[in-house]
Amino acid sequence: MAITLSESAAKQIQTSVAKFGGIGLRLGVKKVGCSGLAYTFDMAKEVGPGEHLVEGHDAKLVVTDEAMKVVDGSELDYIREGFKQMFTVKNPNVKSTCGCGESFSV
């Protein structure tokens, strides 16, 4: 199982770690919305039991077991579009998304 980090995502993770502390970014999934799942992001203080450590471009991403099953083969990116800045997951496993883009199914 694997997930990769874009250079842009790695730079944003490094910036966030410098500002908020911790070891990196944690990626998870939760059940929500029309299509069933949504990504969650928060700062990781450590790698806990049942979590995976992904490293790329000198940044660390902690991925929960549940999320790893969903994001295998994905790329984490960080985009800036006008005033909008956010992490995005380019996930080849997504089969459908809801109309608002908030949730997805695999």
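Which loop does Gly 21 lie in? I started there when going through this predicted model, and here are my notes.

1. **Gly 21.** The loop is the one between H1 and E2. Gly 21 comes just after H1 and takes a positive phi of about 85°. With a relative accessibility of 23%, Gly 21 counts as partly exposed, because buried would need a value under 20%. Setting aside neighbours within four places in sequence, Gly 21 is in contact with Ser 16, Met 43 and Lys 45. Lys 45 is 24 residues away from Gly 21 in sequence, yet their C-alpha atoms are 7.5 Å apart in space.

2. **H1, length and faces.** The helix before that loop behaves as expected on length: at 1.5 Å a residue, its 14 residues should span 20 Å, and the end C-alpha atoms of H1 are indeed 20 Å apart. Its buried residues are Ala 9, Ala 10, Gln 12, Ile 13 and Ser 16. These cover an arc of only 165° around the axis, which puts them on the same side of H1. As a reminder, an α-helix has 3.6 residues a turn, so residues three or four places apart point the same way. On the face turned away from the buried side sit the exposed residues Lys 11, Ala 18 and Lys 19.

3. **H1 against the strands.** Have a look at how the helix is laid down: H1 lies across E1, E6 and E7. Relative to E6, H1 runs at about 75°.

4. **The sheet.** Those three strands make an open sheet, ordered E1-E6-E7, with mixed pairing. E1 and E7 stand at the edges with a single partner strand each, so one side of each has no neighbour in the sheet. From one strand to the next, the twist averages 25°. E6 and E7 pair in the antiparallel sense, over seven bridges. Glu 81 stands opposite Lys 84 in E7, if you want a pair to pick out on the screen.

5. **The core.** The largest nonpolar core has 21 residues, and those touching the most other members are Ile 3, Ile 13, Leu 61, Val 63, Val 71, Leu 76 and Phe 87. Two or more residues come from each of E1, H1, E2, E5, H2, E6 and E7. H2 (65-71) gives the most, with four residues. In soluble globular proteins, nonpolar side chains tend to be buried together.

6. **Phe 87.** This one deserves its own point. Leaving out residues up to four places away in sequence, Phe 87 touches Ala 9, Gln 12, Ile 13, Leu 25, Phe 41, Leu 76, Asp 77 and Tyr 78. Among these, Ala 9, Gln 12 and Ile 13 are on the list of buried H1 residues. Ile 13 and Leu 76 also appear, with Phe 87 itself, among the core residues that touch the most other members.

7. **His 57 and Asp 58.** Please check the backbone here. Most residues other than glycine have a negative phi. His 57, however, has a positive phi near 50°, and Asp 58 has a positive phi near 65°. His 57 lies in the loop between E4 (51-56) and E5 (59-64), and Asp 58 lies in the loop between E4 and E5 too. As for accessibility, His 57 is at 43% and so counts as partly exposed, while Asp 58, with a relative accessible area of 77%, is exposed.

Note on methods. Residues numbered from 1 in each chain as written. Predicted model: local features only at pLDDT ≥ 70, side-chain atom pairs only at ≥ 80, totals over all residues. Heavy atoms only, no water. Buried < 20%, exposed > 50% of the residue type's maximum accessible area, 1.4 Å probe, protein only. Core = buried A, V, L, I, M, F, W, Y, C linked by side-chain atoms within 4.5 Å. Contact = heavy atoms within 4.5 Å. Pairing = 2+ DSSP bridges. Axes fitted to C-alpha atoms, helices over the stretch in contact; angles between N-to-C directions. Expected span 1.5 Å × (residues − 1). Arc of directions from axis to C-beta.
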